[in-house]
Amino acid sequence: MRVLVVGGSGLLGSAAAAALDERHQVIKASRSSKIRVDLAEPKSIESLFRDIGMVDAVISCTGSAPFKPLAELASHDFRAGFEDKVLGQINLVQVGVKYLAKGGSVTLTTGVLAREPILSGAAASLANGALESFVMAAAPELPNGIRINAVSPSVLAEARGYHASFPGFPQIAVSEVGRAYVKSVEGIQSGQVYALG
């Protein structure tokens, strides 16, 4: 299979690519890699797919949201997280389905804050929860048997700078997250959230 990994230069994207690389042709793209794409711009996504052609699977490992105490979050903070993490990945789905082979798959990335809160995590919780709801609702409407799922890990063991913000949370190795992307790409499920930790 030809698998596009958006955000392929980051920690999660690299894990996804490494887990799939032995059996599939993996194409990495990001804002800063040789193959560039900006999910905030649908024209950038169209250009990416015109350049690489049809694929069998798309994985998105992108998006961020601000971490601030609720009292300090302004509407522009929520909007920034929503536009970057949620709308960026939705843009990828809406453009990407035209370039996915019949029976292909899309895998988005959310996170543990969709189901468990931390201090200063309200904007990220909003973004992750919105994406997971989108996956559930989009699954029955995608054309040509295309499947959609999300991978939703707890804090990464390798992301030590975040550990203090997630007291008592399970720390998930990126290799384990990589296996979840494999399950989504090679499996048969759709509309699922693969929660890790």
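## Close-up views of a predicted model

**Figure 1. A salt-bridge network joins three residues.** Salt bridges link Arg 31, Asp 38 and Asp 84 in a network. The structure is a predicted model. Within this network, the closest N and O atoms of Asp 84 and Arg 31 are 2.9 Å apart. Asp 84 belongs to helix H3, while Arg 31 sits in the loop between S2 and H2, so their bridge ties together parts 53 residues apart in sequence. Asp 84 counts as partly exposed because its relative accessibility is 22%. Arg 31, at 52%, counts as exposed.

**Figure 2. Two further salt bridges.** The whole structure has five salt bridges. One of them pairs Glu 186 with Arg 23, with 3.0 Å between the closest N and O atoms. Glu 186 is in helix H5 and Arg 23 is in the loop between helix H1 (11–20) and S2, so this pair ties together parts 163 residues apart in sequence. Glu 186 is partly exposed at 37% relative accessibility. Arg 23 is also partly exposed, with a relative accessible area of 46%. Another bridge brings together the side chains of Asp 77 and Lys 68, at 3.1 Å from N to O. Here Asp 77 is buried, with a relative accessible area of 6%. Its partner Lys 68 is partly exposed at 29% relative accessibility.

**Figure 3. The largest nonpolar core.** This core has 30 residues. Leu 4, Phe 49, Val 55 and Ile 148 touch the most other members. At least two core residues come from each of strand S1 (2–6), strand S2 (25–29), helix H2 (42–52), strand S3 (55–60), helix H3 (75–96), strand S4 (100–109), helix H4 (122–138) and strand S5 (147–153). H3 gives the most, with five residues. A second core is separate and has 23 residues, including Val 3, Ala 17, Leu 20 and Ile 59. In soluble globular proteins, nonpolar side chains tend to be buried together.

**Figure 4. The surroundings of Ile 148.** Which residues are in contact with Ile 148, leaving aside its neighbours within four places in sequence? Among them are Val 93, Val 106, Leu 108, Phe 134 and Val 135. Ala 138, Ala 139 and Leu 142 are in contact with Ile 148 too. So are Ser 190, Gly 191 and Gln 192.

**Figure 5. Helix H3 and its bend.** H3 has 22 residues, which at 1.5 Å a residue should span 32 Å. Its end C-alpha atoms are 30 Å apart, which agrees. H3 bends by about 35 degrees at Glu 83. Its buried residues include Asp 77, Gly 81, Lys 85 and Val 86. Further along H3, Gly 88, Gln 89, Ile 90, Asn 91, Leu 92 and Val 93 are buried, as are Val 95 and Gly 96. Among the elements covering the buried residues of H3 are S1, H2, S3, S4, H4 and S5.

**Figure 6. Helix H4 and its packing.** The 17 residues of H4 reach 24 Å from first C-alpha to last, close to the 24 Å expected at 1.5 Å a residue. Buried residues of H4 include Ala 123, Ala 124, Ser 125, Ala 127 and Asn 128. Leu 131, Glu 132, Val 135 and Ala 138 are buried as well. The buried residues of H4 pack against H3, S4, S5 and strand S6 (192–196).

**Figure 7. Two aromatic pairs.** The structure holds two aromatic pairs. In one, the ring centres of Phe 49 and Tyr 99 are 5.0 Å apart and the planes lie at 10 degrees, so the pair is stacked. Phe 49 is in helix H2 and Tyr 99 in the loop between H3 and S4, so the pair ties together parts 50 residues apart in sequence. Both Phe 49 and Tyr 99 are buried. The rings of Phe 166 and Phe 169 have centres 5.3 Å apart and planes at 90 degrees, so this pair is edge-to-face. Phe 166 is buried, with a relative accessible area of 8%. Phe 169 is buried at 12%.

**Figure 8. Pro 170 in its loop.** Pro 170 lies in the loop between S5 and helix H5 (174–186). Is Pro 170 buried or partly exposed? At 38% relative accessibility, Pro 170 counts as partly exposed. Pro 170 and Leu 156 are 14 residues apart in sequence, with their C-alpha atoms 8.5 Å apart. Leaving aside neighbours within four places in sequence, Pro 170 is in contact with Ser 154, Val 155 and Gly 197.

Definitions and conventions:
Residues numbered from 1 in each chain as written. Predicted model: local features only at pLDDT ≥ 70, side-chain atom pairs only at ≥ 80, totals over all residues. Heavy atoms only, no water. Core = buried A, V, L, I, M, F, W, Y, C linked by side-chain atoms within 4.5 Å. Buried < 20%, exposed > 50% of the residue type's maximum accessible area, 1.4 Å probe, protein only. Helix = DSSP H or I, 4+ residues; strand = E, 2+ residues; numbered from the N terminus. Contact = heavy atoms within 4.5 Å. Expected span 1.5 Å × (residues − 1). Bend = angle between axes of the 7 residues up to and from the residue. Salt bridge = Lys/Arg side-chain N within 4 Å of Asp/Glu carboxyl O. Phe/Tyr/Trp six-rings, centres within 6.5 Å; stacked < 30°, edge-to-face > 60°.
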